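Welcome! Let's take a friendly walk through this structure, looking at its helix packing, its pocket and its salt bridges.

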Amino acid sequence: MTTTLSGRDTSVHSAELQKKRGFSTAWLVYLALIFFALIYLFPFFIQIGTSFKTDVEATATPLNPIPKMWTTAAFQTLAQADFPRWFMNSTIVTLSVTVGRVLIDSLAGYALARLHFTGRKAIGLLIISVMAVPGVVLLIPKYLVLVQLNMYDTYAGMIIPLLADAAGIFIMRQFFISIPLEVEEAARIDGASTLRTFWSVVLPMARPAVITLTILSFQGSWNEFSYFIVSRKDPALNTLTSGVASLTSGALGSGNMFPVKMAAALLMTIPVALVFFFFQRFFVQGAGAGAVKG
């Protein structure tokens, strides 16, 4: 009897030790994650804090994220400059590119995945090969095309060349291939046309891929810089990226202007962050589905 009780005590003591070790290990992992997260987020904290500093304080203590004297002078300077117009131009271009790219890439991906026509495989290989070409290599050819078509220095010239994207077509094609053919055959038996089948049956099933493409298109066109430099020269067509870049050359005055630059960068970040957080769940689902199918 004494031997049995000792065995139970030893077993309970061992379980408690394992529980304590597991608890300690979890806390060490959490502390390590918090430490690296703070290191990763520290530049963002500096950006927020500097945007509310004065020029003198930002120059004297650039790495201190907490201002001694809070001020919104940087945001007032941006409001009095061309920032609202840059924001409007970025909004127009980004929304147009995002909507158009999602529609065109979806249609092209569906055609390559489901329709049978001569040269389909060759077009698919060509699209994949285009993905390997650095975007900067195509800037000069795009510029020459815009000039020849009289689209240089226009909204159309900034939007139309960005409407199609090889990576987006490839993503949609891969997702459409994973959808069972029986679903489309059932729709056709009910009398649906190819376009009707695509729009009402297949596209809703590809919602995770569509949302993933929407986020990538919005982020890519909102942050696009090099193409907007070569596609226009009129300052009235400046987007946020090209406009903020002009601030680094002292367009609004002399000095470092750290608060103005950080305030502009902070305002630029907000729309992309909102879109990502709003669609985050669907983005993760789409990425996970792609990984499983891949």
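## Two helices side by side

In this predicted model, helices H11 and H14 run roughly antiparallel to each other, because the angle between them is over 145 degrees. That angle is about 175 degrees, and the two axes lie 10 Å apart. Helix H14 covers residues 258-278.

Which residues make the contact between H11 and H14? From H11 come Ile-215, Phe-218, Gln-219 and Trp-222, while H14 supplies Met-268, Pro-271, Val-272, Val-275 and Phe-276. Sorted by class, this contact has 8 nonpolar residues and 1 polar residue, with no charged ones.

## The largest pocket

Next, take a look at the largest pocket, whose volume is about 480 Å³. Its lining is made up of 21 residues, and those nearest the centre are Gly-135, Leu-138, Lys-142, Ala-164 and Asp-165. Helix H11 (207-222) appears again here, as one of the elements that give two or more residues to the lining; H5 (120-131), H6 (139-148), H8 (166-178) and H12 (226-230) are the others.

Here is how the classes compare in the two places:

| Place | Nonpolar | Polar | Charged |
|---|---|---|---|
| Lining of the largest pocket | 13 residues | 4 residues | 4 residues |
| Contact of H11 with H14 | 8 residues | 1 residue | no residues |

## Salt bridges

The count of salt bridges comes to 2. In one of them, Glu-184 pairs with Arg-114, with the closest N and O atoms 2.3 Å apart. Glu-184 belongs to helix H9 (residues 181-189) and Arg-114 to helix H4 (residues 83-114), so this pair ties together parts 70 residues apart in sequence.

How values were computed: Residues numbered from 1 in each chain as written. Predicted model: local features only at pLDDT ≥ 70, side-chain atom pairs only at ≥ 80, totals over all residues. Heavy atoms only, no water. 1 Å grid on protein atoms, 1.4 Å probe; cavity = no way out; pocket = protein on both sides within 12 Å on 5 of 7 lines; lining within 4 Å. Points joined across faces, edges and corners; volume = space filled by probe spheres on them. Helix = DSSP H or I, 4+ residues; strand = E, 2+ residues; numbered from the N terminus. Nonpolar A, V, L, I, M, F, W, Y, C, P; charged D, E, K, R; others polar. Axes fitted to C-alpha atoms, helices over the stretch in contact; angles between N-to-C directions. Parallel < 35°, antiparallel > 145°, perpendicular 65-115°, else oblique. Contact = heavy atoms within 4.5 Å. Salt bridge = Lys/Arg side-chain N within 4 Å of Asp/Glu carboxyl O.
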